[in-house]
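Please load the model in your viewer and keep the sequence panel open beside it. The tour proceeds by selections, and after each one there is a short account of what is there.

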Amino acid sequence: MTENPFFAPSTLPYKLPPFAEIREEHYLPAFERGMADQLREVEEIASEPGPATFANTVEALERSGQILKLTATVFMSIASSDATDGIREIETEIFPRLTQHGDSIHLNRALYARIKQVTTENPEEAWLLEKYRVDFVRAGADLSEADQGRLRELNEELTRLATTFSQNLLTASTASALVVEDVKQLDGLSESAIKAIEKDGTYVLPLLNFTNQPALAELTDRETRRKLYELSVGRAPENFGLAARMAALRADRAALLGYPNHAAYSVADQTAKTTDAVEEMLGKLVGPAVANARREAEALGEQAGFPIEPWDWSFYAEKVRKARYDFDGAELRPYFELDRVLRDGVFHAAGELYGITFADRDDLAGYHPDVRVFEVFDADGSQLGLFVFDPYARPTKRGGAWMNNLVDQSHLFGELPVVMNNLNITKPAEGPTLLTFDEVNTAFHEFGHALHGLFSDVRFPRVSGTAVPRDFVEYPSQVNEMWATWPSVLANFAKHHETGEPVPAELLEKMRAAERFNQGFGTVEYLAAALLDWAWHKLVPGEVVEDAEAFEDAALERAGIAFRLVRPRYRTNYFAHVFSGGVGGYSAGYYSYIWSEVLDAESVDWFKENGGLKRENGDHFRSALLSVGGSMDAMSAFRDFRGRDPRIEPLLERRGLLT
Ligand SMILES: [Zn+2]
């Protein structure tokens, strides 16, 4: 065990973690040493004899725990992208201990007392100091000894439940997969899609993480659709009980910390600040969105010739698109080849906007052969960071798409960022990887987060890049989606994978016309999930939910969003944003996506008003917003960029909700 790669800083370029050297048996010893080292460092900071200063307290905390940070960063990344059984065992063992470790720091009274003594005139330092103070208060630093004991217990149990919840979910994606013996039942799927799921004469269609499985749009056999849909909404049923238990514990914890419910606790340090603000915003959208979805349902019923069921929605939505707009999404696929989308689309747009360039670093290894590494250079040729790209789905990867940092940019350590994007694209058995338009859009979205990390230009790691409020963090990534359909960008990447022919202009025209159809569905399935998350976290202490499914139905009904044909994008049992991934996650935070879309819609308007894709615009967005990361108030950064407060109208207009 002498050669544990976590015990020394990485010697690779940009301190990329040495994935090729890391083995499963390295994690536990590295976590243990990392936690012990940090506790010792914290003890030293807390027992420092002289007066508390920014340097010997806050900055010293920023510097503490280097081994733990490296180990945890790599482990969390692997636990999301390549969680073998061994990794999952470590997860079960280590997450509760990490929670305990965090509590040991935040509930250290001597340390907290010193933080409260620190003063500083420097604005960047003052901002960070306040962040630390708030972190400590929110973690229970002001509570009595007895209440802190209770808080520790709650945190530990929540961590355990969350780990079980996410592990159940990972198992369910294959355990609840649709198994088909007769290939005829898969009629409608492409040949290559069928080939990719064939295994010893049977066909296994794994579940993706949301309610509405993409195959529902293509499967012609109604009975197959029904089965797939029911497997999707019914997966991991044991998670209903876990979720109810977690919601109750979170209510208890909120009460301990002085809040009426978990939602109030959760939004207090967000840009929303109050539950009223969130409810007012969601309330404006529900009525018009449901009305839109009902109109769409009528059109689908007419197309089908019978009253449709939930599993018919996507299939007939495609039919209506063909009939009304003469548009077939499948026709676009040959024009969206993964490598072209990435290089000639995503990278190209970033080049036009910010002047940055990319170089392949095939000499640098990821944790899996499919992972690719790129070096990113600024307009003047200087080094900016590394971009790590893991596009493909695999049984060991969790659902969805996300960005994470492997190395945080900071001047404190003189470190440049290493950022990563994960997608969940099905790897074809052979031949090129052709994407749907949704997948193209997701690639642009995640790269928007990557840019937020890459352009970070701050002193302290705690506020680097995407370390902004959760209800703000989606905003830059949403803005980056606008370039996926920007004419000059599309023309650059959307070329037929065999002939190199550009995508026909009329096909794009039809796509744009068809885009507005099914907005009602998209908005309702999202809002239903956001309101479901909200209902779970407005529970008050002592309010026990025995039947989570009944609670879910009642909550949607109460919120005015219950619509039999459009279930929430995530039901309780597979709402990973809210019930898995440690204690925090997106609990009482799923509203964030539409909250930040207000800023996104405003910003897209700004880019359009100012001439679109050009350096000047990119540079302004970068310097006012992206590069400051979390080093200042998020809404002030928005105002610096936009020149005023946000208005909701551009969002309503975009979503077809203006009445
Ligand atoms: Zn995102």
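What follows is a walk through a predicted model, from a metal site to two sheets, a helix pair and two loops.

**The zinc ion**

Select the zinc ion first, and then display the side chains that reach it: the protein donors are His445 through NE2, His449 through NE2 and Glu474 through OE, lying 2.1 Å from the metal. If you follow these donor residues along the sequence panel, their spacing reads H-x3-H-x24-E. Where do His445 and His449 lie? Both belong to helix H15, residues 437-454, where they are four residues apart, about one turn of the helix. With a surface drawn over the protein, you can also check that His445 and His449 are both buried.

**The five-stranded sheet**

Keep helix H15 in view and add the open sheet of five strands, whose order is S4-S5-S6-S8-S7 and whose pairing is mixed. At its edges stand strand S4 (357-360) and strand S7 (402-407), and because each has a single partner strand, one side of each is left without a neighbour in the sheet. Looking across the sheet, you will find neighbouring strands turned against each other by 30° on average, direction ignored. Zoom in on the S4 edge, where four bridges join S4 to strand S5 (residues 372-377) and the two strands run antiparallel; here Phe358 has Val376 of S5 as its bridge partner. Then restore helix H15, which packs on this sheet and touches S4, S5, strand S6 (383-392), S7 and strand S8 (418-425), its direction making about 165° with that of S8.

**The three-stranded sheet**

Next, select the open sheet of three strands, which has the order S1-S3-S2 and antiparallel pairing. Strand S1 (178-180) and strand S2 (198-199) are the edge strands here, each with a single partner strand, so one side of each is left without a neighbour in the sheet. S1 and strand S3 (residues 202-205) are paired in the antiparallel sense over three bridges, and a convenient place to see the pairing is Val180, which stands opposite Tyr203 in S3.

**Helices H12 and H13**

Now display helix H12 (residues 275-304) together with helix H13 (residues 313-325), whose axes come within 9 Å and cross at roughly 80°. That crossing makes H12 roughly perpendicular to H13. To see the contact itself, show side chains on both helices: H12 contributes residues including Ala293, Leu300 and Gln303, while those from H13 include Trp313, Tyr316 and Arg324. Colouring the contact residues by class should give 10 nonpolar, one polar and three charged.

**Two alanines with positive phi**

Finish with two backbone selections, bearing in mind that most residues other than glycine have a negative phi. Select Ala236, in the loop between helix H9 (222-234) and helix H10 (238-256); its phi is positive, about 40°, although the residue is not a glycine. Is Ala236 buried or exposed? Ala236 is buried, with a relative accessible area of 4%.

Then move to Ala588, which sits in the loop between helix H21 (576-579) and helix H22 (592-609) and has a phi near 55°, again a positive value in a residue other than glycine. Ala588 is buried too, its relative accessible area being 0%.

How values were computed. Residues are numbered from 1 along each chain as its sequence is written. This is a predicted model: local features need pLDDT of at least 70, side-chain atom pairs count only at pLDDT 80 or more; totals for chains, interfaces and linings use all residues. Side-chain values use heavy atoms; hydrogens and water are left out. Buried means under 20% relative accessible area, exposed over 50%, partly exposed in between (1.4 Å probe, protein chains only). Axes are lines fitted to C-alpha atoms, for helices over the stretch in contact, and angles run from 0 to 180 degrees between N-to-C directions. Angles under 35 degrees count as roughly parallel, over 145 as roughly antiparallel, 65 to 115 as roughly perpendicular and the rest as oblique. Contact means heavy atoms within 4.5 Å. Ala, Val, Leu, Ile, Met, Phe, Trp, Tyr, Cys and Pro count as nonpolar, Asp, Glu, Lys and Arg as charged, and the others, Gly among them, as polar. Donors are N, O and S atoms within 2.8 Å of the metal (3.2 Å for Na, K and Ca); water is not among the atoms, so sites may look incomplete. Two strands pair if DSSP finds at least two bridges between them.
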